[in-house]
Amino acid sequence: MYTRILICTDGTPLSNKAVDSGIALAAKLSAEVFAYMVVPPYPAMYFEGAMVLTPAETARVEKEWNEQAKTVVDEVKKTAMAQSVKTTAVTGHGHVAEAIISAAKKHECDLIVMASHGRKGISRVLLGSETMHVLTHSHIPVLVLR
């Protein structure tokens with residue numbers, strides 16, 4: 001059925017539940033897993049939520065975010081390997097939804113597993129939904145867990 005699964009994480013507790021479910025599914029299907037976390041670019045403008053930083057400070061923050069992402073996907077890999085699931089830890093950069101879709105294509109995945117953070121009301125309107133974007137733009141099946 002599915003042989004290559006992209007499991008997306010952001011390290012949150014809800015995301016970790018999706019990771020666990022994705023790994024369990026991969027184990028049952030003898031599928032290969034790609035543990036994936038996107039590091040978004042540092043917001044360039046104040047109205048995007050950025051503090052005004054020098055280029056050097058911005059580079060330091062982005063380096064720190066990259067290191068944190070690597071730690072998160074390495075932990076997913078360790079968990080999956082403990083269940084005898086072949087796993088590759090991958091990080092990406094850019095806008096989250098587009099990066100997820102691109103990574104799934106690049107690694108020839110046939111399923112994307114991710115969490116829905118379940119935002120409602122004005123926060124969903126203002127913040128959007130990366131999961132919804134992936135659902136509506138991916139040509140690869142998406143399993144959303146809550």
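**Helices 2 and 3 and the residues that follow them**

Helix 2 is followed by Ser84, a residue whose phi is positive, near 60°. Ser84 is a residue other than glycine, and its phi is nonetheless positive. In this predicted model, Ser84 lies in the loop between helix 2 and strand 3. With a relative accessibility of 70%, which is over the 50% cut-off, Ser84 counts as exposed.

The loop that holds Ser84 also holds Lys86, which is placed, likewise, between helix 2 and strand 3. Lys86 is exposed, because its relative accessible area is 56% and the exposed class begins over 50%. Exposure does not leave Lys86 without partners: once residues up to four places away in sequence are set aside, Lys86 touches Ala31, Glu32, Val33 and Met81. The C-alpha atom of Lys86 is 8.6 Å from that of Phe34, although 52 residues separate Lys86 and Phe34 in sequence. Phe34 falls within strand 2, which runs over residues 32-39.

From this loop the reader may step back to helix 2 itself, which covers residues 55-82 and contains 28 residues. How far apart are the end C-alpha atoms of helix 2, and does that distance agree or disagree with the expected span? At 1.5 Å a residue, helix 2 should span 40 Å, and its end C-alpha atoms are 41 Å apart, so the two values agree. The buried residues in helix 2 are Thr58, Val61, Ala69, Val73, Val76 and Ala80. An α-helix has 3.6 residues a turn, so residues three or four places apart point the same way. Among the elements that cover the buried residues of helix 2 are helix 1 (13-29), strand 2 (32-39) and strand 3 (87-93).

Helix 1 offers one further point of reference in Lys17, which lies in that helix. Lys17 is exposed, since its relative accessible area of 55% is over the 50% cut-off. Lys17 and Ala115 are 98 residues apart in sequence, yet their C-alpha atoms are 7.8 Å apart in space. Ala115 is in strand 4, which covers residues 111-115.

Helix 3, residues 96-106, can be read in a similar way, beginning with its relation to helix 5, residues 130-137. The axes of helix 3 and helix 5 come within 8 Å and cross at roughly 45°. That angle makes helix 3 oblique to helix 5, and the crossing in which helix 3 passes helix 5 is right-handed. Which residues meet where these two helices pass each other? On the side of helix 3 they are Val96, Ala97, Glu98, Ile100 and Ile101, and on the side of helix 5 they are Glu130, His133, Val134 and His137.

Burial in helix 3 involves Ala97, Ala99, Ile100, Ile101, Ala103 and Ala104. Of these buried residues, Ala97, Ile100 and Ile101 also appear among those that meet helix 5. The cover over the buried residues of helix 3 includes helix 5, together with strand 1 (4-8), strand 2, strand 3 and strand 4.

Helix 3 is followed by Glu108, whose phi is positive, near 55°. Glu108, too, is a residue other than glycine with a positive phi, and its place is the loop between helix 3 and strand 4 (111-115). Is Glu108 buried or exposed? Its relative accessibility is 59%, so Glu108 counts as exposed.

Asp110 is found in this loop between helix 3 and strand 4 as well. Asp110 is partly exposed, because its relative accessible area of 22% lies between the 20% and 50% cut-offs. Leaving aside neighbours within four places in sequence, Asp110 is in contact with Met1, Tyr2, Thr3 and Arg4, and also with Ile140 and Pro141. The C-alpha atoms of Asp110 and Val142 are separated by 8.9 Å, with these positions 32 residues apart along the chain.

These local views belong to a protein chain that has 5 helices and 5 strands, arranged along the sequence in the pattern β-α-β-α-β-α-β-α-α-β. Among contacts in the chain with a separation of 6 or more, 76% are made by residues 24 or more positions apart. Buried residues make up 34% of the 146 residues. The accessible surface of the chain comes to about 8,700 Å², and 58% of that surface belongs to carbon and sulfur atoms.

Terms used:
Residues numbered from 1 in each chain as written. Predicted model: local features only at pLDDT ≥ 70, side-chain atom pairs only at ≥ 80, totals over all residues. Heavy atoms only, no water. Helix = DSSP H or I, 4+ residues; strand = E, 2+ residues; numbered from the N terminus. Buried < 20%, exposed > 50% of the residue type's maximum accessible area, 1.4 Å probe, protein only. Contact = heavy atoms within 4.5 Å. Areas by Shrake-Rupley, 256 points an atom, 1.4 Å probe, with all protein chains shown as cover. Expected span 1.5 Å × (residues − 1). Axes fitted to C-alpha atoms, helices over the stretch in contact; angles between N-to-C directions. Parallel < 35°, antiparallel > 145°, perpendicular 65-115°, else oblique. Left-handed = near helix turned anticlockwise from the far one by under 90°.
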